[in-house]
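Colleague: I have this model open on my screen and would like a close look at one part of it. Could you take me through the helix packing in one chain, and then show me how that chain sits in the rest of the model?

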Amino acid sequence: MNALAEAFRLIITLDADLFEILWLSIRVSLIALAISAVISLPLGTWLAITRFPGRKFCILVLNALMGMPPVVVGLMVYLLLSRSGPLGWMGLLYTPTAMIIAQVVLITPIIAALSNQVIENLHQEYRDTFYSMGVTGRRAVVAYLVDARYALTTCILAGFGRAIAEVGAVIIVGGNIDHLTRVMTTAIALETSKGNLSLALGLGAVLLALSLLVNALVIGVREYAAKRQYA
Amino acid sequence: MKHLITCVALALSTPVLADTLVVQSTTSTENSGLYDHLMPILERETGVKVNVVAVGTGQAIKNAMRCDGDVLLVHSRPDEEKFVADGYGDYRRDLMYNDFVIIGPKADPARVAGAANVTEALQRIRETGARFASRGDDSGTHKKERLLWQEAAIDPDAGSGQWYLETGSGMGATLNTGVSLGAYVLSDRATWISFGNKQDSTIVFEGAPPLFNQYGVIPVNAGKCPTVNREAAEIFANWLLSESGQAAIGAYQVKGKQLFVPNANHKLNSSIESK
């Protein structure tokens, strides 16, 4: 209907505002994803292959944090970055950086918990081999990550999906400021509250298309790499 | 890894708001497109770049009390005066006004359109068992609505979830709810005129004196909040109150209708006589 027509019109006319918002969405979520992956992948792997008292409890907490409501994350980061908060002196509230921080907090447990499961399955298989070869500690973490890299892309994509689709956290810490912190999801929320439902839906379709594109790209690269490896 | 570090560095180097102005604002001025009209003119005439955070009046005031804004632009006079009296704001000036209207289905089952005054209108809604969608979010419009119920000697909380529906959302979201349910809604006129999802609803009651809606502007006190951009806040407020700013407000129209009537009394450099 006219929702898709409007979205299509914005895309083919290369609407500057739309592309600015789209680009910020991608930039914020990809940077958050990169930072989060560096933390969460080794963390999830390490939790899968080491044994210490309280490990099961750590994994339980990690899994529970996957269900953390974005608005709560937003509130926590807001109170942290507010001028009267502990990190207020940095002046980061209402900037894209604040949105990146919120998204990192939001998706790190997801990627860590999912990768933990992937590596744990692998660990059943490899434990004895690695042990006999003396591969332990940091070397073992790296070895597992390299070996499981294709399975881990799905974990990473899950994190990206959550980051790009999320509105509750970024609207609080970003403030939905035009030309500064307005991203696709907050723009959709704004258009909905203006009663421009078809435009909001059209923007939703654009966001969905973007998500499709990113997933196709990642899966394409994965297939290509896997093929080359076994060729 | 190198790329990652570059990414992180890029992320952290996104511009911080040191040289710009953060306005904590009510939603109606943003949703009605007023800022899109004003800000380019302001930027051209004064060079000040404004970032607007549009939330409800209650939240805007609380955010400003945490020093997360340089200027407050809201519409709940008693709260604004308290904000200044408590030392958070330098001074408060009338900026512009419009009015509240009662939105309802065209069929008007509660016959609100024939009411002699606001009190009677609300009583008719209550007596006929019609539904009423309330903001329920401590915003300026919500505070006004609560006051009107009080003046009509009706306690809507008794019917909360039955006929009195508190959405806890912004004006637009509440209008979406009200329009879909055929419920009555108190809205500011600007948001309603520019609202895009009117469906079968219309203005059923308007024009009574208690529905007057005054907007005020308050620069945040630099003594309470040393981080505020005091200079830019002063330029912003003075420009809005100047003839040029007032004319720009008066010139803003949506669908051929003026949304805000400027009514600053042209007292500039008013920080001298603050409080």
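Modeller: Here is a walk through the helix packing of chain A, followed by its partner, chain B. Please keep in mind that this is a predicted model.

Let's start with chain A as a whole. Chain A contains 10 helices and 0 strands, so in sequence order the pattern reads α-α-α-α-α-α-α-α-α-α. Its C-alpha trace extends about 65 × 50 × 25 Å along the principal axes. Of the 231 residues in chain A, 44% are buried. Looking at contacts in chain A with a separation of 6 or more, 79% are between residues 24 or more positions apart.

Now to the close-up, which centres on helix α5 of chain A, residues 96–133. One of its partners is helix α4 of chain A, residues 70–81. The axes of α4(A) and α5(A) come within 9 Å and cross at roughly 130°. Because of that angle, α4(A) counts as oblique to α5(A). The crossing of α4(A) past α5(A) is right-handed. If you want to pick out the side chains on your screen, α4(A) contributes Pro70(A), Val73(A), Gly74(A), Val77(A) and Leu81(A) to the contact. From α5(A) come Ala98(A), Ile101(A), Ala102(A), Val105(A) and Leu106(A). By class, this contact between α4(A) and α5(A) has 9 nonpolar residues, 1 polar and no charged.

Follow α5(A) along and you come to its packing with helix α6 of chain A, residues 137–147. Here the axes of α5(A) and α6(A) are 11 Å apart, and the angle is about 125°. This pair is therefore oblique as well, and α5(A) passes α6(A) in a right-handed crossing. On the α5(A) side you will find Ile119(A), Leu122(A) and Phe130(A). They meet Ala140(A), Ala143(A), Tyr144(A) and Asp147(A) of α6(A). The contact of α5(A) with α6(A) divides into 6 nonpolar residues, no polar and 1 charged.

With those helices in view, let's turn to the neighbour. Chain A and chain B touch through 23 residues of chain A and 28 residues of chain B. On the chain B side, α1 (2–12), β2 (50–54) and α8 (171–181) each provide at least two residues. Of these, α1(B) gives the most, with 5 residues. Sorted by class, the side of chain B that touches chain A has 16 nonpolar, 10 polar and 2 charged residues.

Chain B has both kinds of secondary structure, with 11 helices and 12 strands. Buried residues account for 48% of its 275 residues. Chain B is divided into domain 1, made of 15–97 + 214–273, and domain 2, made of 99–211. The centres of these two domains of chain B, taken over C-alpha atoms, are 27 Å apart. Between them, 17 residues of domain 1 of chain B are in contact with 13 residues of domain 2 of chain B. The side of domain 1 of chain B that touches domain 2 of chain B includes at least two residues from each of α2 (27–31) and α4 (57–65) of chain B. There α2(B) gives the most, with 3 residues. That side of domain 1 of chain B has 4 nonpolar, 11 polar and 2 charged residues.

Key. Residues are numbered from 1 along each chain as its sequence is written. Chains are lettered from A and ligands numbered from 1 in the order in which they are written. This is a predicted model: local features need pLDDT of at least 70, side-chain atom pairs count only at pLDDT 80 or more; totals for chains, interfaces and linings use all residues. Domain bounds come from an automatic or database domain assignment. Two residues are in contact if their C-beta atoms, placed from the backbone, lie within 7 Å. Helices (H or I, at least four residues) and strands (E, at least two) are DSSP runs, numbered from the N terminus. Ala, Val, Leu, Ile, Met, Phe, Trp, Tyr, Cys and Pro count as nonpolar, Asp, Glu, Lys and Arg as charged, and the others, Gly among them, as polar. Axes are lines fitted to C-alpha atoms, for helices over the stretch in contact, and angles run from 0 to 180 degrees between N-to-C directions. Angles under 35 degrees count as roughly parallel, over 145 as roughly antiparallel, 65 to 115 as roughly perpendicular and the rest as oblique. A crossing is left-handed if the near helix is turned anticlockwise from the far one by less than a right angle, and right-handed if clockwise. A residue is buried if 20 or more other C-beta atoms lie within 10 Å of its own, exposed if 12 or fewer, and partly exposed in between; C-beta atoms are placed from the backbone.
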